[in-house]
Amino acid sequence: MHYQSHKIALNFYTAALLLFLVQVVVGIIAALQFMWPDFFILNFNTIRTLHINALVVWLLMGMMGATYYVIPEESETELWSIPLAHVQFWATVLTVSAVIIGYIVMGLNPQANIEILGTRLLNEGREYIEAPRWADILIVVSILLFLLNNFMTVLKTKKFTAVQGVLLGGLTFLALMYLPGMFYTKSMVLDQFWWWWVVHLWVEGSWELIAAALLAFMLHKLLKADVRVLAKWMYIEVGLVLFTGILGLGHHYYWIGTPRYWLWVGGVFSSLEPVPLLLMVWDAFRTTRETRGVVENKVGLHLTVAHAIFNFVGAGLWGVVHTLPQVNKWTHGTQITTAHGHLAFYGAYVLLIVAMIYVTLPSIRGVRQFRQSGGYQAFWWMTISMIFIVIPITGAGMVQTYLERLLGLDYVTVKASYNLWFWIFRALFGVGFLVGVLIMVKDFFTLGKKPVS
Amino acid sequence: MSTNAAKNLFIFGSLLCFAVLIILTIDTIGKLDERAPEITEEVNAGKKVWHKYDCIGCHTILGNGSYFAPDMTKTTDRKPKEYLKKFILDPRSIKPDSAMPKLGLSEDEAGKLIAFLEWISKVDTNDWPPQPILALSIAGRTAIAGQVLFQKYDCVACHQIRGIGGAAGPDLTYIGLKRPDIQWHIKHLRNPESVIPDSAMPRFDDLLEDELRDEQIEKELKELAEFLITLK
Ligand code: HEM
Ligand code: HEM
Ligand SMILES: [Fe+2]
């Protein structure tokens, strides 16, 4: 079936990929600033803000695009309101552009970041949720319109599938978990307490639900696997994600001024967080193995399985190594965290959206066969580069932990001399990563438009 | 397990976990006041300055934030407030190769910020950051009197000797070659501005924790200076 609604998905994918490019270009600038702080007109803090905000926003837009694809296909109907979806798309693009311009203005002249109605005009000065309050409100409105449209679509044909349930449940949870970041507190301890609700309950809660739902969707679409078996394992996965992840929040409450019992709560629950991620890997392999017959979209399946694996490696393994308080006491806030942040986001969410694009784009363009080599090339350029970004940064983290935290050397000395080579490697492989993104963007715009030779 | 059982377990299990989180949250919020000093208007104003200039875009605080610059949780414990204030106002006037740019804070804002940093340094963080367990003393075996004082007054917070110590002030590994004169050192330590215009180094008086008698100060300054000229 071909749906008009799928054009909306395409719009979201396009915007997402353009922001992905921005993210990686500024990432390279940030990497160079570790060696030359004055390398660019904007200071490191502004560049980093752009890097991580572009990341979060493009992943969200990718998820929205994916949802606008999945819901009509599962409900076998057009969206409740296609015009509303268009409005929501352009409203999101406008808001995001305004926020980005605001960051740049603030970076050039911090004095422009004035206080109005008790909040900052351009940049809230809180990591990841730098977007000012007025933008927060617009973003919430946009997400509500998006949810409304999709819920109404499901209600139209009353075909409630498990994938729809978990996907929309995850998205609703996501919208709700944006709210704890939307009020000011005088205490920096409380500030960070609520801040982690947003950050942690997103990436280790609601987003992971969305990932599990999309994983089941992709395995079904690619392999025509039995939906009931997929649904059962999906519920077990998301059940374990929330069982370990909600109280796993405690791994961020060890040292921020909160009571000592969090060392127990966080340590016990978060060290179990890799279990559901491992289950997803097994799920992907089991489904692939049990399905006979030819898979047409091989690159789509390749990316789906790669997502499951790197979700486990980046989030699960690179997360669990520093999650016990006995270890975290020494590694907290070092480059170990950066290494984990990169591999986890790449494996869990970048590859998720990239896989969804490759799984659904052929249907959107109305082709069954397409040239798959672009997808593979992009994947290998990005993945190998990411691995060679994460290895040096893990090394830098180990050196930092040893010299600064255990031996007591000065932070600046360790960064400027002992870790210099690691920064050089990161910048070099950052360029390799950019090559992968460029290949993918080109492939995205041309896929299915030329006949396969 | 049937699909339905898995679904119910997911829904009710998650709700239960969330309920526990809410209870722990209420308990935690109730305990925060006893774990930190009172938040005065000045401290709150300082926190707002922290947000305004996006300090978190380079620094961590309580270990969270960006990993481009040192953590700000216990800064005021190791460095005098006057020095920090001067640094924040114009980092490169103190350390020409500093990676921190001049952000354009006003005197007033810097003062409030210091009050905020002082507040955060008194929060009970369950002993984080930990003391380095393998910390080397620069001396090792044969400590002369001045060397002990160098440790005691935490000159290493700002100065390095052979790679160990802070980077806020100049490296002192070869200071004995650069400045071989004991009298210069005594003068400099007593009042750095008397020999280096606009010096950001704290006066010796400001580094003292208890009052000392004049003769005692005289003696310690001499011992420190004697130690410094041996560094070459
Ligand atoms: C699912 C995807 C995940 C993503 C995208 C992710 C991402 C991140 C990011 C970006 C940070 C740094 C936050 C900051 O900037 O301050 C972080 C911190 C952390 N993550 Fe994850 N994470 C994921 C899963 C996990 C899992 C499963 C674990 C543990 C088993 C874990 C353990 C940790 C710990 C302990 C920290 C704190 C590091 C510190 O003390 O500095 N993460 N995570
Ligand atoms: C899809 C790929 C990427 C993802 C998902 C990603 C994600 C992130 C995240 C979550 C952070 C903030 C959290 C943290 O510091 O732990 C971050 C910071 C950073 N990223 Fe990336 N990034 C990607 C690609 C790149 C590339 C290609 C480069 C350039 C070589 C780069 C350079 C940096 C730098 C220098 C920082 C600041 C780290 C710090 O504060 O120590 N990133 N990135
Ligand atoms: Fe977490």
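The following exchange concerns the ligand and metal sites of the structure above and some of its salt bridges.

Biologist: What kind of model is this, and what pLDDT do local features need?

Modeller: Residues are numbered from 1 along each chain as its sequence is written, chains are lettered from A and ligands numbered from 1 in the order in which they are written, and side-chain values use heavy atoms, without hydrogens and water. This is a predicted model in which totals for chains, interfaces and linings use all residues, side-chain atom pairs count only at pLDDT 80 or more, and local features need pLDDT of at least 70.

Biologist: Which chains does ligand 1 lie between?

Modeller: A residue is near a molecule if one of its heavy atoms lies within 4 Å of it. Of the 27 residues around ligand 1, those that come nearest include A:Glu127 and A:His340. Ligand 1 lies between chains A and B.

Biologist: How far is a polar side-chain atom of A:Thr337 from an oxygen atom of ligand 1?

Modeller: A polar contact is a pair of N or O atoms within 3.5 Å. A polar side-chain atom of A:Glu127 lies 2.8 Å from an oxygen atom of ligand 1. For A:Thr337, the distance to an oxygen atom of ligand 1 is 2.7 Å.

Biologist: Why is the arrangement around the iron ion (ligand 3) irregular?

Modeller: Donors are N, O and S atoms within 2.8 Å of the metal (3.2 Å for Na, K and Ca), and here they come from A:His200, A:Glu204, A:His251 and A:His252. Four donors count as tetrahedral if all angles lie between 85 and 135 degrees, and as square planar if opposite donors are over 155 degrees apart and all others between 65 and 115; anything else is irregular. The arrangement is irregular because the 4 donor atoms subtend angles of 81 to 147°.

Biologist: How far apart are the iron ion (ligand 3) and the iron atom of ligand 1?

Modeller: The iron ion is held by its donors at 2.2 to 2.3 Å. From the iron ion (ligand 3) to the iron atom of ligand 1, the separation is 4.3 Å.

Biologist: Which residue forms a salt bridge with A:Glu127?

Modeller: A salt bridge is a side-chain nitrogen of Lys or Arg within 4 Å of a carboxyl oxygen of Asp or Glu. A:Glu127 is buried, at a relative accessible area of 5%, where buried means under 20%, exposed over 50% and partly exposed in between (1.4 Å probe, protein chains only). With the closest N and O atoms 3.0 Å apart, the partner of A:Glu127 is A:Arg48.

Definitions and conventions: Polar contact = N/O pair within 3.5 Å; in protein donor to acceptor, adjacent residues only side chain to side chain. Tetrahedral: all angles 85-135°; square planar, octahedral: opposite > 155°, others 65-115°.
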